[in-house]
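Reader: I have a structure open in front of me and would like to learn how its cysteine links are read. Could you take me through them step by step?

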Amino acid sequence: MAFSGVLLYIFFVGGLFPRKGTASVINVRLFGDYIRSSYGLVEVQFNGTWGTWCSAPWNLNNAHVTCRHLGFDGAAALVPESYPSYDGGRVKWRNDLHCFGNETSLTDCPQTGFISVRYCSFRYKASNVMCNLQDDVKVTNVHCLGNETSILKCTHNLFGVGRNCWIGEVGVACSPSVRLVRGPSAREGLVQVYRNNTWGWICAKNWKPEKEANVICKELGYIGASSVYTVSPNVQGNGSLWINNFQCAGNESSLSMCVHNGYSNNSCSTDGNVGVVCAGPEVRIRARDSHTLHPRVEILFGGFWGPICGDHWDKQGADVVCSQLGHDNALAAIASYGFSGIAKVCLRYLQCTGKETSILSCSHQGWTLVFDFTDGEGELPILPLGNVICTPTVRIVGTAATPSEGLVQVYYNDMWRWVCDEKWDATDADVACQQLGYQSSSTTLSFPTSNRAQEHWTAWLNIVQCFGNESSILSCEHDGFLQKRTCATKRMAGMICSGSQVRLVDTCQGSLHSRGFVEVFFGGVWGAVCPDSWDLSNAKVVCQQLGFEGAQNTSDPSACEGDTPVTWMSNVQCKGNETSLSQCKHQGWNATGFCPYYFSASVICIPPGALEPPEFVSSDFGNIDMAWNS
């Protein structure tokens, strides 16, 4: 039968008043149309007969004790009025139960005693309960309108005990109960708190910024607050919900855990609104892990970190991300598949002009659900995730003919700056060369400052001292940047980098370095070469750059390609006398958006000491004999 309500009202009729200890032993069970041990209609055995338990009231306190009586941790929920239950008992036993909620057994609760009734009336309802039990009840086909107060009030189906959802179980990431509004960016604004389905304002009275502001910013995902401010009182008008006198200890994970003086619909007297400016990153590069085959961009939005959907990811958005991360711009915007694990979300339809100072200033449609392949049960839609390759924060200023030789510049605070040669040595140059993809430096250089350099480049990185294990020259110790004055030595640091920026990769035969797919190193990332216009002259330059005599073949059909995230070069045209593949004519260093081939360029080089053709060959049906050098 279906029930019209969950909460049962308290009526005492017929002189039945609750008293404790009516029964020394109470046997109960849960029964329903889904046979589960933790969910169902409460039935009780009295005088040797099982029947439906009718009680007024039936509330969550009674449900908790009933579940504990059955050996569970407590009740997960009262079954809502919209959920049907089957009244399986032929007999109805009425016993008004009045538990406080902390009892461990039903025999400890005040109750009126069992009597037989013909039916459970609208006052004395049959009791349904769902007890806490992990991995017991599975809810599927959930459809909500959005105004329900409980997920169980949405239409749904239930699985039985031990059954698994083949598509996987779902999770949620709830928005924080605090937000910043009317500010110039996502990290700055007036504070609002969500209470009773309403966003209310915080009054600045007794506001302690060193504690409350930090709690707010940490709840929003930042590392803390950098500053606080207030605005004139009554700017929100009368009738707004105000929360007064917030007091935090500083270690709370949410502002809702702090004490306050309650809510008021009156204006905030003379103290005004509270505003905060949060500190910390809003974008980061998440390294490759067990859930992804490639690194990915993640954005702090709505209180938690998530990736960018890659189906509309472009160079303009990548430029904004790289600028936020301290780089000049992006070399490439990459959309990579290979996102595994349970269902997650990504930020969809991100559209930037490239001039924004924050990725959150770009338009987007919010978080969108992303699915992946399921374990042998079919495929679900999947979106690629966005990633970037940023320009290195160091560069060589030289000529196109000698790209590995010249003056050193570093990128800092949106400007390329010279490096003073004071204490500049080979270790410092090694770090800079390795950051650019070379193996090391062969020579350190020093150039006198030019008039143009003194006039236009007056910010110097001074006294760089590297240990050699740094990933960036800006990670080395230094005396900071000299603003508005020239280098003390009046000389600029330079270097000559050495070491190959090309390699051959064969994931099936990794030890054979003389053959495989060609990869070039640029911008700190190894990338492939598109095989359009690929010929023996190109292959010869690659092989000679790697120290081999020349090329034997322009492709290696037996090689297995690596998992490169980007194609760096296309339409490569070498004459054959170049010493490096980068000296050959090509379409420029950029991530090729389209390569009209299913594979990348590969070569087979002539290995060291390759044998000449044999002097003679003999065969006797069983063996073939070949001889070299007599």
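Author: Let us begin with one pair: C466 and C476 form a disulfide, with their sulfur atoms 2.0 Å apart, where a disulfide is defined as a pair of cysteine sulfur atoms within 2.5 Å. C466 lies in the loop between strand 31 (460-461) and strand 32 (481-482), and C476 lies in the loop between strand 31 and strand 32 as well, so the pair ties together parts that are 10 residues apart in sequence. Helices (H or I, at least four residues) and strands (E, at least two) are DSSP runs, numbered from the N terminus.

Reader: Before we go on, what kind of model is this, and how are residues numbered?

Author: It is a predicted model, in which local features need pLDDT of at least 70 and side-chain atom pairs count only at pLDDT 80 or more, while totals for chains, interfaces and linings use all residues. Residues are numbered from 1 along each chain as its sequence is written, and side-chain values use heavy atoms, with hydrogens and water left out.

Reader: Are C466 and C476 buried or exposed?

Author: Buried means under 20% relative accessible area, exposed over 50%, and partly exposed in between (1.4 Å probe, protein chains only). By that reading C466 is buried, and C476 is buried too.

Reader: How many disulfides does a search of the whole structure find?

Author: The search finds 10 disulfides, and one of them joins C99 to C109, with an S to S distance of 2.1 Å. C99 and C109 both lie in the loop between strand 6 (91-94) and strand 7 (110-111), so this pair ties together parts that are 10 residues apart in sequence. C99 is buried, with a relative accessible area of 7%, and C109 counts as buried at 0%.

Reader: What is the handedness of the links, and which angle goes with it?

Author: The angle is the torsion about the S-S bond, and for C543 and C605 this is about -85°, so that disulfide is left-handed. The link of C99 and C109, with 110° about the S-S bond, is right-handed, and the link of C466 and C476, with 100°, is right-handed.

Reader: Where do C543 and C605 lie?

Author: The sulfur atoms of C543 and C605 are 2.0 Å apart. C543 lies in helix 6 (residues 536-545) and C605 in strand 39 (residues 602-605), so the pair ties together parts that are 62 residues apart in sequence. C543 is buried at 0% relative accessible area, and C605 is buried at 1%.
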